[in-house]
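Biologist: Please put the model on the screen, and I will ask about it piece by piece.

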Amino acid sequence: MWVECRALEAGCGGRRRSLLSTVMRIPCSFWFLLLLGAGGLLLLHLQDLTETLQQQTQGAKVTFSQVQATRKEQCHYCLDNDRQSDPTEDNFPRPVQPVQLPVFPGVQRSSVINPRDITASHVTKSHRKLLLKSSPPVQQLNADPPGQIRDSPERMIQVQSSRLRLMREVCAKYTSGTAKQTITRTHVSRIYVEDKHKLLYCEVPKVGCSNSKRVLMVLQGLASSTGEIQHDEVHYGNHLKRLDSFDQKGIIRRLKTYTKVLFLREPFERLVSAFRDKFESPNSYYHPVFGKPIISRYRSNATQYALRTGAGVTFKEFIQYLLDVHRPVGMDIHWEPAGHLCSPCLLDYDFIGKFETLEEEANFLLRSIGAPSNLTFPSFKDRNPNAERTSSEITRRYFAQLNVTERQRTYDFYYMDYLMFNYSKPFKDLY
C-alpha cells in the first residue's frame with residue numbers, strides 16, 4: 001500500500017508540473033487581451049452605477065435650477081431698482097432720528113425711514129407700472145378721507161395720518177432700505193425757522209408761501225398782524241432765518257425737536273400759476289433771464305423785440321424748456337418738483353397741508369402749536385390782485401395747448417409729487 005501511494009503522488013506531481021509548464025508557455029499577447037477584457041467589464045459596471053445615481057438625483061437638480069431661475073427673476077427687479085438710484089449721492093448714516101410729535105398722537109411714524117432723495121427722472125414707465133401693479137391698495141388706503149370739510153381735530157388727525165403714511169410708503173418703495181444719506185445744508189436750504197413755537201416750514205412757491213411767511217413773522221414777534229406786512233418785506237426783507245444758516249448741531253437739534261411742516265398743491269395747477277405769474281405779467285427778472293433764452297431756442301422767426309426783451313413766452317415754449325434735458329437756462333424753484341425742494345423722504349415731515357384746503361389746515365396747525373388765538377391764516381392776494389386765481393379749469397385750458405406727448409412728459413416730470421401726495425391724474429389719457 002505504501003508503494004502504491006508513492007506511485008500515485010509521483011503521478012499527480014508530474015501532472016501539476018506538466019500543467020504549470022503548459023501555462024508558462026501561453027504567449028504574452030493572451031495575457032494582455034485577458035486584462036483588457038477584465039478592464040472593459042469593470043468600466044461597463046461603473047457606467048451603469050453612474051446612470052443609476054443620476055436618475056436618483058435628477059429631481060434635486062431640477063429643483064435647484066428652478067430656484068436659480070426664480071432668484072434671477074427677483075434680482076432682475078432688484079437691478080431695475082438699482083438703476084433708478086442716483087449714483088452721485090453719498091451713502092452715509094443718517095444723523096437725525098425721527099421723533100414722536102406730541103401734537104398728533106394718532107400719527108404713527110415709520111420705524112425705518114429710507115432717506116434717499118427721489119426724483120421723477122428716476123422713475124421709468126415700467127417701474128411705475130410695476131409699483132402700481134404690485135401694491136394697488138397704497139393710494140386707496142392712504143387717500144384723504146372723503147369730503148372736503150374737516151371740521152374737527154379728530155378728522156384732521158385722520159387726514160394727517162393718511163397723508164404721512166402714504167408719503168412714507170412711497171419713499172420706502174422708491175428708495176433703498178440699506179442706503180443712508182447724510183442731511184446736508186442743501187437739503188434744508190428751503191426751510192424757514194420759527195424758534196419761539198418750534199416750527200420748521202419748507203417753502204414750496206405758488207402754495208401760499210407769501211402768506212405763510214407772514215404768519216411766521218407774526219409768530220416771531222416781527223409784526224402784530226399779517227395784514228401790515230408788505231410783499232417785498234416778506235420776500236426781500238431777510239427777517240426770517242433759514243435752517244441752513246445754523247451750524248450742524250443747531251440743524252440736527254431743530255430737525256429732531258421742531259414740528260416740520262410742508263404744504264403742497266396739485267402739480268399742474270402750481271405749474272400754470274407759476275407761468276402766469278412770471279411770464280404773463282411784467283417781470284424785470286424772469287423775462288430777461290428765462291424769457292430771452294427760451295424764445296431764442298424754441299421760437300423760429302422770433303422778432304428782434306422778443307429776442308431783446310424776452311417778453312411773450314408762450315406756455316408751449318415754456319413746456320419745451322421744462323422738458324429739455326439741455327435747457328438753455330437752469331431750473332427755478334417756482335416750477336421745481338416739491339420732492340426736490342423739501343426732501344420729504346429724508347426729512348420725514350410731521351404735517352402735510354394742501355393748498356386746496358389751505359386756510360382750514362393752516363389754522364388747525366396754528367392752534368396745535370399754541371399760536372395766539374387771534375392769529376389766523378390770511379386769505380388775501382397781494383401780487384396781481386386783479387388777476388383770477390389759477391384754478392383747475394384755467395389749468396385745463398393751458399394744457400389744452402399741448403399735444404398728448406407733451407402732457408404725458410410733463411406728468412412724468414411731476415410723477416413723484418402726484419404719487420407721494422395722492423393727487424389724481426389730471427387727464428384721462430395719461431398713464
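Biologist: What covers the buried residues of α16?

Modeller: This is a predicted model, so local features need a pLDDT (the predictor's confidence in each residue, from 0 to 100) of at least 70, side-chain atom pairs count only at pLDDT 80 or more, and totals for chains, interfaces and linings use all residues. Residues are numbered from 1 along each chain as its sequence is written, and side-chain values use heavy atoms, with hydrogens and water left out. Helices (H or I, at least four residues) and strands (E, at least two) are DSSP runs numbered from the N terminus. Judged by contact (heavy atoms within 4.5 Å), the cover of the buried residues of α16 includes α9 (267-279), α12 (315-323) and α17 (404-413).

Biologist: Within what arc do the buried residues of α16 fall?

Modeller: Buried means under 20% relative accessible area, exposed over 50%, and partly exposed in between, with a 1.4 Å probe and protein chains only. In α16 (392-399) the buried residues are Ile394, Thr395, Tyr398 and Phe399. An α-helix has 3.6 residues a turn, so residues three or four places apart point the same way. The buried residues of α16 line one face of the helix, because the directions from the helix axis to their C-beta atoms fall within an arc of 135°.

Biologist: How are α9 and α16 oriented to each other?

Modeller: Their axes (lines fitted to C-alpha atoms, for helices over the stretch in contact, with angles from 0 to 180 degrees between N-to-C directions) come within 9 Å and cross at roughly 75°. Angles under 35 degrees count as roughly parallel, over 145 as roughly antiparallel, 65 to 115 as roughly perpendicular and the rest as oblique. That angle therefore makes α9 and α16 roughly perpendicular.

Biologist: How do the residues of the contact of α9 with α16 divide?

Modeller: From α9 come Phe268, Glu269, Leu271, Val272, Phe275 and Arg276, and from α16 come Ser392, Ile394, Thr395, Tyr398 and Phe399. Ala, Val, Leu, Ile, Met, Phe, Trp, Tyr, Cys and Pro count as nonpolar, Asp, Glu, Lys and Arg as charged, and the others, Gly among them, as polar. By that scheme, the residues divide into 7 nonpolar, 2 polar and 2 charged.

Biologist: α5 and α15 also pack together. How many residues of their contact are charged?

Modeller: The axes of α5 (153-174) and α15 (358-368) are 11 Å apart, at an angle of about 100°, so the two helices are roughly perpendicular. Pro153, Met156, Ile157 and Arg163 of α5 meet Glu360, Glu361 and Phe364 of α15. Of these residues 4 are nonpolar and none is polar, and the number charged is 3.

Biologist: Against which elements do the buried residues of α15 pack?

Modeller: Leu358, Glu361, Ala362, Asn363, Phe364, Leu365 and Leu366 are the buried residues of α15. They pack against α5, α6, β4 (259-264) and β5 (351-354).

Biologist: How many residues of α6 are buried?

Modeller: The buried residues of α6 pack against β1, β2, α7 and α15. They include Lys213 and Arg214, along with Val215 and Leu216. The helix is mostly covered, and of its 11 residues the number buried is 11.

Biologist: Which residue with a positive phi follows α6?

Modeller: For α15, the residue that follows is Gly370, with a positive phi near 80°. For α6, a positive phi near 85° belongs to Gly221.

Biologist: Is Asn238 buried or exposed?

Modeller: Asn238 lies in the loop between α7 (231-236) and β3 (241-242). Its phi is near 55°, a positive value in a residue other than glycine. Because its relative accessible area is 69%, Asn238 is exposed.

Biologist: What distance separates the C-alpha atoms of Asp348 and Lys260?

Modeller: Asp348 sits in the loop between α14 (344-347) and β5. Its relative accessible area is 1%, so Asp348 is buried. Along the chain Asp348 and Lys260 are 88 residues apart, yet their C-alpha atoms are separated by 8.0 Å.

Biologist: Where is the pLDDT below 50?

Modeller: The chain averages a pLDDT of 77, and 64% of the residues score at least 70. One stretch with 108 contacts in the model beyond near neighbours in sequence has a pLDDT below 50, namely residues 49-122. The pLDDT also stays under 50 over residues 129-143.
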